[in-house]
Amino acid sequence: MHLARRSYILIMLTAVIAIGGIWSNDRQLALLWRVPAALLLLGLAVEGVAVRRLQPRVRIDTATPAFLGRLQRGVFVFSNRASRPLPLEYAPVTPAGFEAPRAVRRLTVPAGGAREDALELLPVRLGPQPWPGLPARLRGPLALAWWDAMLQPAARCLVAPDTLRGSARARGLASGTRARRIAGAGQELYQLRAYVRGDPLAHIDWKATARRAALISRDYSEDQHLDILVAIDAGRLSRVRAGALDRLALYSNAAARLAEIVTHNDDRIGLIVYAGRVLASCPPGRGLPAVARLRNTLAQLAVQAAESDPLSAAISIRNLLRQRALIVLLTDLDDANIAASLARAVRLLAPPHLVLVGGVHSGEIEALARSDARAWQDPWIALAAAEHEQRAARQRLLLQRLGVPVVAAPAERLEGALFERYEALRRSRRV
């Protein structure tokens, strides 16, 4: 309970009358202060009883599933069954998987009606998110005090990985069968093009050559179906924020969107999540059912407190895959503690597989290493940041010497860089 302005006025009136009674010789005036004090206490008692029957109902209206990292609108709807308007204040508390403005909000719910209060919600953590109680204060009918209350929305919202938007959205068939035609050694004509030195004579189209008076070669189509396995590091360092999201959330969004692109190319997509041990796995599958299975697995992920062990994940991957595949390993490239284990894991996987390692490159640490000193501790901070950058660069160089493509980019550009490298590897037929 917190007293309102009207109560403080009565308290001041009581004090003034009491002081006047002390200074006065009038006995009746000396006892008059009891009247406002009694009115205040009686009013608070009446309000305390009445407020118990004035408890409003609240619910949260928002889209479900919510997509990780995508802002969405949420609306708290307060219902008042009483016959008089109900002023209230509340703190917009959200589940751990959402972020919202924390400022206390004040509104008045009309008598026998409802009042909506909208705010922006940012999903930042995967999985089901039960809505906690809202701490609120209700103003009593006599406006003497604000009474504490806990309002229960009794709602649950699922946070799922984000999807591709716009023209990049995957258009795979539900069965997963879509021919991907590229130039190759098949039997179906793909295109006619100008002759290039070294083309086999059997590929020259002599009729088109005669019509154009220049050598014309034929390209034939060939279906290319690849196995792609995304391995996500869910160890303790994946809790580090990278922009609005932590690294696990960033990797989960990248994996889910890559699955849509892979489906459009008619490749097969699989998943392994690991920390100190393998936490979840999906064998490679084709089509939208495989995408749905991968998304459902990602929606249950949480950061683990254990150190990451990429070697145990590599052993599980070798047992899971039956043919050569592209393994996209999303991990912390800045962690020197796992550098040796990561290198051994890569040696175990390649060959026969092709490993692509991706991770976030923190621009903040790089900026610290190059910043000018303004305080006595700034040179030491810059030295520590520079040493961190050197360790990370050595780790990337070690992986590249092992023949591993490495994608290290800021959080906002990591997805695009991964997708471009996947398409480049696919075109170059390195898998």
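This is a short tour of one sheet and two cavities in a predicted model.

**Stop 1: the sheet**

Select residues 66-67, 127-130 and 156-160. They belong to an open sheet of 3 strands, in the order 3-12-9, with mixed pairing. Strand 3 (66-67) and strand 9 (127-130) are the edges, and each pairs on one side only. Now keep strand 3 and strand 12 (156-160) in view. They run in the parallel sense and share 2 bridges. Zoom in on Ala 66. Opposite it, in strand 12, stands Val 159.

**Stop 2: the largest cavity**

Next come the cavities. The structure has 2 of 30 Å³ or more. For the largest, select Asp 233, Gly 235, Leu 237, Ser 238, Arg 247 and Tyr 251, then add Ser 308, Thr 331, Asp 332, Asp 335 and Ile 338. These residues line about 60 Å³ of space. Colour them by class: 3 are nonpolar, 4 polar and 4 charged.

**Stop 3: the second largest cavity**

Move on to Ala 231, Tyr 274, Pro 310, Ala 313, Ala 314, Ile 317, Ile 327, Leu 329, Ala 345 and Leu 349. They line the second largest cavity, which holds about 40 Å³ of space. Which elements each supply at least two residues of this lining? Show helix 7 (310-320), strand 20 (326-330) and helix 8 (339-349) to see them. Helix 7 gives the largest share, with 4 residues. Colour by class again. This lining has 10 nonpolar residues, no polar ones and no charged ones.

Methods:
Residues numbered from 1 in each chain as written. Predicted model: local features only at pLDDT ≥ 70, side-chain atom pairs only at ≥ 80, totals over all residues. Heavy atoms only, no water. Pairing = 2+ DSSP bridges. 1 Å grid on protein atoms, 1.4 Å probe; cavity = no way out; pocket = protein on both sides within 12 Å on 5 of 7 lines; lining within 4 Å. Points joined across faces, edges and corners; volume = space filled by probe spheres on them. Nonpolar A, V, L, I, M, F, W, Y, C, P; charged D, E, K, R; others polar.
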